[in-house]
Amino acid sequence: MKELTWRQRLSRFDVKASPYLYISPFFILFFIVGLFPLAYTAWVSVHEWHLIGGQGDLVGFTNYTDVVQQPNFYKALRNTFSIFLLSSVPQVLAAIVIAYLLDTNLRAKTFWRMGVLLPFVVAPVAVSLIFAKIFADQSGLVNAVLELMGATGIAWHGDPFAAHVAIATMVNFRWTGYNALIFLAAMQAIPREIYEAAIVDGAARWRTFFSVTVPMLRPTIIFVVITSTIGGLQIFDEPRMFDTLGQGGADRQWMTLTMYIYELGWGAQKNFGRAAAVSWLLFLIIVLVGVVNFLITRSIASSASGKAGR
């Protein structure tokens, strides 16, 4: 058998190795900015870790048992899920409706499409400061309107549910337009022949929306729900800036898990081990909720698609 020349060996190596080299930047970046911090946080969570002294003794799962015994952990967990549900559910529904309206024959389409994205480019801190004034207890715009209508003003910073509604409103203001453009891009990929066939069959506009548009958006809905879940459970800026103290209220009535992590690491306790333990618990919660959301969304979308095909 004839021995391969140096050029032939180099060419064979190039064919085998080049595909891996082309995709390697993504995996290198993922390891540096994604996998390594995750693994390092797990390492910190099983040690005593001081702000100045650094790594201490190995304590196993003591940090985890300590944080789950603290009442503030459950307050933060409850607040996080409450704000997440109040923001994510109406946000996704409103985004689909807005995208559907933007997909119709509007005048000045580009203006309206750029307009819905405008809140997204505003800095989160600026949004939080503006809405904190709008929802102020004594001099806020919302309470002033309610009093003009003869209603009683709401204690936005005193009542936990009212505070969650106010914070969820900030989140919806920023992210609804962004998600609407994602849905709009998916809607424009739906073949127009399907709509024309539905109209010829006598389907009304609302019927085409529920029987054609929504089922065809199934992959996009799953994507938006998953990303909304990740972002909603990591919310920090809006509740942090809802008042001047940034502690989540006098009774921690709107403190989220990410704020709790910040308080454990940089607050009075200054315990990075406990902060890392809560970070890992939050990671596991996000994965669990994301999987549940994926299964529910896929089931609903499959059911709607099946009904549309009948």
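What follows is a walk through the helices, nonpolar cores and salt bridges of this predicted model.

The largest nonpolar core is a good place to start. It has 21 residues, and those touching the most other members are Phe73, Leu233, Leu257, Tyr260, Leu264, Val278 and Leu282. Four helices each put in at least two residues: H2 (62-68), H3 (71-102), H12 (257-266) and H13 (272-309). H13 is the top contributor, with eight residues in this core. Val278 shows how these pieces come together: leaving out residues up to four places away in sequence, it touches Val67, Phe73, Leu257, Tyr260, Ile261 and Leu264. There is also a second core, separate from this one, made of 16 residues, including Ile96, Leu102, Met187 and Leu217.

Helix H10 covers residues 218-233, 16 residues in total. From first C-alpha to last it reaches 23 Å, close to the 22 Å expected at 1.5 Å a residue. Plenty of its side is tucked away: Thr220, Ile221, Ile222, Val224, Val225, Ser228, Thr229, Gly232 and Leu233 are buried. Two of these buried residues, Val224 and Ser228, turn up again as partners of Val92, which is also in contact with Phe183 once neighbours within four places in sequence are set aside. Val92 itself belongs to helix H3 and counts as buried because its relative accessibility is 11%, under the 20% cut-off. Val92 and Arg174 sit 82 residues apart in sequence, yet their C-alpha atoms are 12 Å apart in space.

As for charged pairs, the structure holds four salt bridges. In one of them, the side chains of Arg274 and Asp66 meet at 3.4 Å, N to O. This pair links distant parts of the chain, with Arg274 in helix H13 and Asp66 in helix H2, 208 residues apart. Asp66 is partly exposed, at 22% relative accessibility.

Another salt bridge joins Arg192 and Asp103, at 3.3 Å from N to O. Arg192 lies in helix H8 (residues 192-200) and Asp103 in the loop between H3 and helix H4 (109-121), so the bridge ties together parts that are 89 residues apart in sequence. The two ends differ in burial: Arg192 is partly exposed at 36%, whereas Asp103 is buried at 14%.

Arg252 and Glu263 also pair up, with a distance of 3.2 Å, N to O. Here the parts tied together are 11 residues apart in sequence, since Arg252 lies in the loop between helix H11 (237-240) and H12, and Glu263 in H12. This time the arginine is the buried end, with Arg252 at 17% relative accessible area, while Glu263 is partly exposed at 22%.

Definitions and conventions: Residues numbered from 1 in each chain as written. Predicted model: local features only at pLDDT ≥ 70, side-chain atom pairs only at ≥ 80, totals over all residues. Heavy atoms only, no water. Expected span 1.5 Å × (residues − 1). Buried < 20%, exposed > 50% of the residue type's maximum accessible area, 1.4 Å probe, protein only. Core = buried A, V, L, I, M, F, W, Y, C linked by side-chain atoms within 4.5 Å. Contact = heavy atoms within 4.5 Å.
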